[in-house]
Amino acid sequence: MLESTAAIRPARATEAEALHDLAALTFPLACPPSTTEAAKAAFIEQHLSRAAFEQYLADPQRLVLVAVRGDELVGYAMLVHGEPADPDVAAAVQHRPTAELSKLYVHPDLHGGGVASALVEHVLQAAVDEGAVSVWLGVNIHNARANRFYEKAGFAVVGTKGFRVGEVVEDDYVRERQQVFTGVTRGRPR
Ligand SMILES: CC(C)(COP(=O)(O)OP(=O)(O)OC[C@H]1O[C@@H](n2cnc3c(N)ncnc32)[C@H](O)[C@@H]1OP(=O)(O)O)[C@@H](O)C(=O)NCCC(=O)NCCS
């Protein structure tokens, strides 16, 4: 297996365009085969545009982390602090305070290389630093690779929710890592 040589750091305000480029490449990988090209394009335009990333980067409730190899962004994750707005999520998530792992995307050339684990480890540390005792996320129920990854990383299924892509509401699992440890691979309590 390829080992990750990517460095993880907070995204810079100047990186909105590069984040958009990586997001446009990787978002379709998370969609089930039934999602139309139009729906994917609409989602990218609305939520993953350069302007959207400029807003995320300026939002004090959000932390965007990037994985960088040389000058190239090869992965990103976004942590959102605060109580879940979706009532299905609020009912499913069992521990408070919680934070959302809102996005986790790695360039396909580096899948299996440890970049995702490194990003999650930094996300968990950032959540702990803000006082969260759990981290939750939504993932499409048909996204087998991501579900396997999250299971390995300690995120258990605690419920389901809808996720709108274009005109279609997809089915997501809500997953929660109920105790936030640093060290995804080491599982070391803090
Ligand atoms: C999800 C993602 C970040 C995980 O990173 P990764 O580097 O691929 O993760 P890993 O390789 O460590 O783990 C994936 C696991 O799924 C397994 N897997 C791969 N394809 C699979 C499939 N079709 N069905 C079930 N498991 C699968 C891998 O073998 C691996 O398990 P293993 O370590 O036990 O062998 C990455 O795949 C990604 O960016 N995917 C596209 C975007 C996405 O779906 N993001 C999540 C949105 S919620």
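Which residues are the closest to the ligand, and how many surround it? In this predicted model, the ligand is surrounded by 16 residues, and the closest of these are Ala 30, His 111, Ala 116, Ala 144 and Arg 148. Sorted by character, the shell around the ligand holds ten nonpolar residues, four polar ones and two charged ones. Strand β4 (98–106) and helix α6 (144–152) each contribute at least two residues to this shell. Helix α6 gives the largest share, with five residues.

Stepping back to the overall fold, the protein contains six helices and seven strands. Followed along the sequence, these elements come in the order β-α-α-α-β-β-α-β-α-β-α-β-β. The radius of gyration is 16 Å, close to the 16 Å that the globule rule gives for 190 residues, so the protein is as compact as a globular protein of that length. Along the principal axes, the C-alpha atoms occupy a box of roughly 40 × 40 × 35 Å. Of the contacts in the protein with a separation of 6 or more, 69% are between residues 24 or more positions apart. Of the 190 residues in the protein, 36% are buried.

The interior comes next. In soluble globular proteins, nonpolar side chains tend to be buried together. Here, the largest nonpolar core has 49 residues, and the members that touch the most others are Leu 65, Tyr 76, Leu 119 and Val 123. Helix α5 (residues 115–129) supplies the largest share of this core, namely eight residues. Leu 65 offers a handy view of the packing: with residues up to four places away in sequence not counted, Leu 65 touches Ile 8, Pro 10, Ala 11, Tyr 76, Ala 77, Leu 119, His 122 and Val 123. Three of the partners of Leu 65, namely Tyr 76, Leu 119 and Val 123, are thus also named among the core members that touch the most others.

A second residue worth a visit is Tyr 173, which lies in strand β7 (residues 168–177). Is Tyr 173 buried or exposed? Tyr 173 counts as buried because 21 C-beta neighbours lie inside 10 Å, where 20 or more are required. Apart from neighbours within four places in sequence, Tyr 173 is in contact with Val 139, Ile 141, Asn 147, Val 157 and Thr 160. One of these partners, Asn 147, falls within the residue range of helix α6 (144–152). Tyr 173 and Val 93 are 80 residues apart along the chain, and 11 Å separates their C-alpha atoms.

Conventions:
Residues are numbered from 1 along each chain as its sequence is written. This is a predicted model: local features need pLDDT of at least 70, side-chain atom pairs count only at pLDDT 80 or more; totals for chains, interfaces and linings use all residues. A residue is near a molecule or strand if its C-beta atom, placed from the backbone, lies within 6 Å of it. Helices (H or I, at least four residues) and strands (E, at least two) are DSSP runs, numbered from the N terminus. Ala, Val, Leu, Ile, Met, Phe, Trp, Tyr, Cys and Pro count as nonpolar, Asp, Glu, Lys and Arg as charged, and the others, Gly among them, as polar. A nonpolar core is a set of buried Ala, Val, Leu, Ile, Met, Phe, Trp, Tyr and Cys residues joined through C-beta atoms within 7 Å. A residue is buried if 20 or more other C-beta atoms lie within 10 Å of its own, exposed if 12 or fewer, and partly exposed in between; C-beta atoms are placed from the backbone. Two residues are in contact if their C-beta atoms, placed from the backbone, lie within 7 Å. The radius of gyration is taken over C-alpha atoms; the globule rule is 2.2 Å times the number of residues to the power 0.38.
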